[in-house]
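Reader: I would like a close look at a single part of this structure, taken slowly. Please start with the sheet and then go through the salt bridges.

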Amino acid sequence: MFDINANPQNCRITKLAFDPGVRKYSFEELAKATGDFSNNNRVGQGGSGQVYKGTLPNGKQVAIKRLQYNSDPEKQQLELLFENEFKTISRTRHPNIVEVVGYCSEEADRLIVYEFVSNKSLKSHLYVGRRQQTMVTAPIDWPTRMKIALGIAEGLAYLHEDCKPGIIHGDIKSDNILLDDEFNPKIRDFGISKEFADSETHVSTISMGTPDYLAPEHCTEDG
């Protein structure tokens, strides 16, 4: 593993260690699936790239995250985040974690193909209508909120206890929780996640992710 906090000038980008069970796609296949990465198919912005909705030849709908950068130093840092996200999420298998379908790694191209989660983010449902005069849709009822909370907790328990080594997500927030049509939550965006061994009593307390948010796993006993 590499240190995602390291100086990018001192980092050498290596080939991604892909899960053999995850399909490799060509850049042309994924460009075709997204209409050449049309803005009409752009559905989000991740920590290291933009996300597009696509349709594979078999009709399966997917979300394709494409690495994007504006300068060489930025490219190196984003490649580290991108690699970290793939290495982490490709070894997870849980109904409350977004599933990886495939990838593309051709020269400078880095893309990750995820399952498409149709009901947008938890944030979009919690804050729907706040900027408009009227509500666009009804707010989530309390039984559904409890279902979402329990699903997120199960996903985090899986990351912390069942994955070996364990995984600290580092940026759990409503925008990083996707919902399917039945309002089952799925955790996404593992760009700044960190691994920890069972023998570790605590991990780094350096703040990462969303300002003012700190996962409890980052706190030591003395705070």
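Author: Two strands count as paired if DSSP finds at least two bridges between them. The model is a predicted one. In this model, six strands form an open sheet, and their order across it is β1-β5-β6-β4-β3-β2. The pairing in this sheet is mixed. The edges are taken by β1 (23-24) and β2 (42-45). Each of these two has a single partner strand, so one side of each is left without a neighbour in the sheet.

In general, the strands of a sheet pair through backbone hydrogen bonds, in either a parallel or an antiparallel sense. The edge strand β2 pairs with β3 (residues 49-55) in the antiparallel sense, over three bridges. Within this part, Gly44 is found opposite Val51 of β3.

A helix goes with the sheet. Helix α2 (residues 72-89) lies across three strands, namely β4 (61-67), β5 (100-106) and β6 (109-115). The helix runs at about 35 degrees to β6.

Now the salt bridges. A search of the whole structure finds eight of them. One of the eight involves the sheet: Asp189 forms a salt bridge with Lys65, and their closest N and O atoms are 4.0 Å apart. Lys65 belongs to strand β4, while Asp189 lies in the loop between β9 (185-187) and β10 (194-196), so the pair ties together parts that are 124 residues apart in sequence. Both Asp189 and Lys65 are buried. The two residues also belong to a network of salt bridges that links Lys65, Glu85 and Asp189.

Another salt bridge joins Asp175 and Arg188, with the closest N and O atoms 3.7 Å apart. This pair links distant parts of the chain, 13 residues apart: Asp175 is in the loop between β7 (166-168) and β8 (177-179), and Arg188 is in the loop between β9 and β10. Asp175 counts as partly exposed because its relative accessibility is 29%. Arg188 is partly exposed too, with a relative accessible area of 24%.

A further salt bridge is formed by Lys173 and Asp171, whose closest N and O atoms are 3.8 Å apart. Here the two partners fall into separate classes. The cut-off for buried is under 20% relative accessible area. Asp171, at 9% relative accessibility, therefore counts as buried. Lys173, at 32%, counts as partly exposed.

Methods
Residues are numbered from 1 along each chain as its sequence is written. This is a predicted model: local features need pLDDT of at least 70, side-chain atom pairs count only at pLDDT 80 or more; totals for chains, interfaces and linings use all residues. Side-chain values use heavy atoms; hydrogens and water are left out. Helices (H or I, at least four residues) and strands (E, at least two) are DSSP runs, numbered from the N terminus. Contact means heavy atoms within 4.5 Å. Axes are lines fitted to C-alpha atoms, for helices over the stretch in contact, and angles run from 0 to 180 degrees between N-to-C directions. A salt bridge is a side-chain nitrogen of Lys or Arg within 4 Å of a carboxyl oxygen of Asp or Glu. Buried means under 20% relative accessible area, exposed over 50%, partly exposed in between (1.4 Å probe, protein chains only).
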